[in-house]
Structure formats: C-alpha cells, structure tokens
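Work through the exercises below with the model open. Try each task before reading its solution.

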Amino acid sequence: MNCCEFREKYSDFTDGLLAPREGLEANAHLSGCAACRRFDAALRTGLDALRSLPSVGLSHGFGPSLRRRLRGEFAIRLPVMARWSGAVGTLLLVATVGFIGWDLLESRASHRERAAWSTTTDNPVPVAVGDQVPTYSNRRPSPADLRFTTFHPLNSILETEAGRPTAAGDRPRLDVPAVWGGP
Amino acid sequence: MTLAVREGVRGLGHAPSAPFADLEDAQVVQAFLDGRDRAFDELVTRYQTRLLNFIYRTVGDRERAEDLVQEVFIRIYRHLHRFDQTKKFSTWAYTIASNLAKNELRNRSRNPLVLFQTIKRNWDADHRPLQFEDSSSRPDDLFRKRHLRELVEQSVSQLPEHHRVVFVLRELEGKTYEEIAEITGCNLGTVKSRLNRARNNFAAIIAPHLD
C-alpha cells in the first residue's frame, strides 16, 4: 500500500471499517511511512483538540424567545382555524334558518291554498249571479263561479270606441260572486 | 394539533417534566401528539444545545446559529404531526438543522467574490491530490498552545461547506455514515468520500501548526 492508497482508505482505517487484510496493510504502511505518520498524528491531535472545545451554550433569552415565536405560530394557526370553523358554522346556521323559513312559508302557502278552495265553510256568503239578488251560499266561491253572462240593462246606451251608440245588449259582463266576510 | 398543545409553550425553558425524561424520543413525540404539551419542552431541552453546536460549527456565527436553532424547533412544532414515526426523530431534527445551515451558507455566498472563492475552494478541495507535505515552518510553541482552540475552529471553518457538514456530523456529533447519508441526502459512498476529503483537508490545514 502506498501513500495515495493509504489516504484514500484513511477514513475507513480510522473507523475500523477496513477488511482485516487491508487493515494489516494500512498498519504496516503507517509504521513504515513518516509522512503518513505525521498526517495521522496531526489529524488525531486536531480532532482531540476539536472535541475538547467547550460546548457552545444558549443565551438566556433563547427560551423566552422561542416561547414567543411558538405562541405566535399558534396565534397564526388559531385565527385560521377559527375563521374556518366560524365560516362553516355560519353557513350551517344560515342554511338551517333558511330551510326552516322556507318550510314555514311553504306550509302557510299550502294551508291558504287549501283553505281557499275548500268546498264547505262555516261562514256562508252571498253569491250574486247576473241580476239575481244575491243569495246565500254555504260554499266558498270557486273558479267555476267566475263566468260570463249576457247583460241587458234597460235604457243603457253604450258607446263604442268609435262613438256610435250601440245597443246595450250583448255587452258581456263578468259575474263575480259578491263575497263578504262574516255571517 | 389541539389547543391543549399551547399549554406546553409555557413550559419552555423550564426543567422537563419527570415523566418524559426517561422516555425514548419516539415516546416523547407520541406523547406530544397525544396532547401532552410538556413533551415538546422535553424535545427542546434534549436537542437545543446539540443543534446549536452543530449549526454553530457549520456556519461559524453563534448568534445566527441560535436563530437557526429556533427556526428548527418552529419547523418541528409545525410539522411534527406529519413526521414519520418509523424514522429517528434525531435524524429528522438534524436534517432540518443541516438544511437551514446550508441555506445560511448559500445566502452568504451570494456575494459574487465570495461565490467565486467558494467555488474555487470547493473544486480544489475535491481535486487536490491526497499528499501530505511536510512544512519546514514551525510556529512558536507558545503561540500554538495559546491559539490551538482558535486554530482548530478556523480549520473547520476553512473546510468547504459540503465537507464541513459531514465532518462536523461525524467528528463532533458522532453520527454514523448511514445517519449522515440520511441527513445530507447523499448516498453512502458520497458521505465516505466527502468525509475522507474533509479529514485530509483538516489535517493539511492544521498540521503545520502542530509538532
């Protein structure tokens, strides 16, 4: 083993990782080579000196400073979590309120619709048809009650849009049931 | 990470709780993830000085090293819930520290002149023949003894960055080759090669000042 080979394998030699035969060769070279012995001695002395250096200590402010930074780290995370959770909670609340409100409106509307078109009522109302005197009916007006009939008013003169008087007859009139509340 | 974790912050800097002092790192990590806030204090206590010395020996600036150690713990705190607990916590912590130290050195080398000198020094260190030249100059013994500490520190700081990290991890932190490979992200052969180069360079720098 020459000096180059020894230097190449020096790390494994010092760490005891060389194969037994190579280790013997390295030891033999070290014994016979002054330059490599000086090199080996310099490295070992330097490493001993390096390892004997006092450990660098932390300043007194390290702990409090780290504590502040970690609190800041958590403070950054907490609003984010709070914002997300608050946003989700708000959305859920709005959705719930909206659903309840929609449900109430729907139920009222359907109730009114059912009430409007029920066939019987406790409060009979008069129903006027044509020239007849309104008579009481115990039913609510229905869409079928809205019908057109022919009205022949006496001495009524109608004017058309052109200004010509026409007979009052055949003027269509929409008969609307007279409805008023109360018994 | 629960709100209860924040309680642990108050414990920083104080003596670690007795229940955690006898636990392995993995158990302490699990205790922290389970919501036992004081466990993070135990991790800080265990690694703060070791990481400080490693980073200081790598970057050469004590104040900056302390800032970087804080940054290491911030990152650990931030990402501990994603740490693969099948791996060693020590290796993970040193990996973060190593990356921060290398970033620090790279940021310093942004100066064009410094960058050129760094590149040249790295190239020389990788390609210089492994020959040991005996110098005839012998500094004063008193000077050597009085300034040995400074000399050794300067020798380490003169090592190229990629040699220095491996050298400090091996010679000062006592990491195995496998751990160094994992920390630095290099394969085993590269670690051995860089360590060998680092040792030769260290010896070449320091030898003229020693008997």
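**Exercise 1. Contact range in the two chains**

Among contacts in chain A between residues at least 6 apart in sequence, what percentage join residues at least 24 apart? Find the corresponding value for chain B.

Solution. Keep in mind that this is a predicted model. Step one: take the chain A contacts that span at least 6 residues; 39% of them join residues at least 24 apart. Step two: apply the filter to chain B, where 68% of such contacts join residues at least 24 apart.

**Exercise 2. Elements and burial**

List the secondary structure of each chain, then state how much of each chain is buried.

Solution. Start with chain A. It holds 5 helices and 6 strands. Their order from the N terminus is α-α-α-α-α-β-β-β-β-β-β. Of its 183 residues, 10% count as buried. Now chain B. It has 12 helices and 0 strands. Its 211 residues include 40% that are buried.

**Exercise 3. Confidence**

Decide which stretches call for caution.

Solution. Begin with the whole-model scores: ipTM is 0.72 and pTM is 0.62. Next, take chain A. Its mean pLDDT is 71, with 54% of residues at 70 or more. By element, helix α3 (residues 20-32) of chain A has the highest mean, 93, and strand β4 (residues 158-159) of chain A has the lowest, 42. Residues 148-170 of chain A stay under 50, and the model gives this stretch 20 contacts beyond four places in sequence. Residues 178-183 of chain A are also below 50, with 10 contacts beyond near neighbours in sequence.

Then chain B. The mean pLDDT is 81, and 73% of residues reach 70 or more. Residues 1-11 of chain B fall below 50, with 18 contacts beyond near neighbours in sequence. Residues 131-137 of chain B fall below 50 too, with 9 such contacts. Where pLDDT is low, the predicted coordinates should not be read in detail.

**Exercise 4. The interface**

How many residues does each chain bring to the contact? Describe the side that belongs to chain A.

Solution. First, the count: 35 residues come from chain A and 37 residues from chain B. Second, the elements: α1 (3-8), α2 (10-14), α4 (34-51) and α5 (62-116) of chain A each supply at least two residues to the side of chain A that touches chain B. α4(A) gives the most, 12 residues. Third, the chemistry: this side of chain A divides into 19 nonpolar, 8 polar and 8 charged residues.

**Exercise 5. The largest nonpolar core**

Which residues touch the most other members of the largest nonpolar core? Trace the contacts of Val72(B).

Solution. The core has 62 residues; Leu51(B), Ile55(B), Val72(B), Ala93(B) and Ala97(B) touch the most other members. Helix α4 (residues 38-59) of chain B gives the most to this core, 11 residues. Now follow Val72(B). Leaving out residues up to four places away in sequence, Val72(B) touches Leu51(B), Ala93(B), Ile96(B), Ala97(B) and Leu100(B).

**Exercise 6. Arg75(B)**

Why does Arg75(B) count as partly exposed? Place Arg75(B) in its element and relate it to Ala93(B).

Solution. Arg75(B) lies in helix α5 (residues 62-79) of chain B. Count the C-beta neighbours of Arg75(B) inside 10 Å: there are 17, so Arg75(B) is partly exposed. A buried residue needs 20 or more, and an exposed one has 12 or fewer. Finally, Ala93(B) is 18 residues from Arg75(B) in sequence, and their C-alpha atoms are 9.3 Å apart.

Terms used. Residues numbered from 1 in each chain as written. Chains lettered and ligands numbered in written order. Predicted model: local features only at pLDDT ≥ 70, side-chain atom pairs only at ≥ 80, totals over all residues. Contact = placed C-beta atoms within 7 Å. Helix = DSSP H or I, 4+ residues; strand = E, 2+ residues; numbered from the N terminus. Nonpolar A, V, L, I, M, F, W, Y, C, P; charged D, E, K, R; others polar. pLDDT = per-residue confidence, 0-100. Core = buried A, V, L, I, M, F, W, Y, C linked by C-beta atoms within 7 Å.
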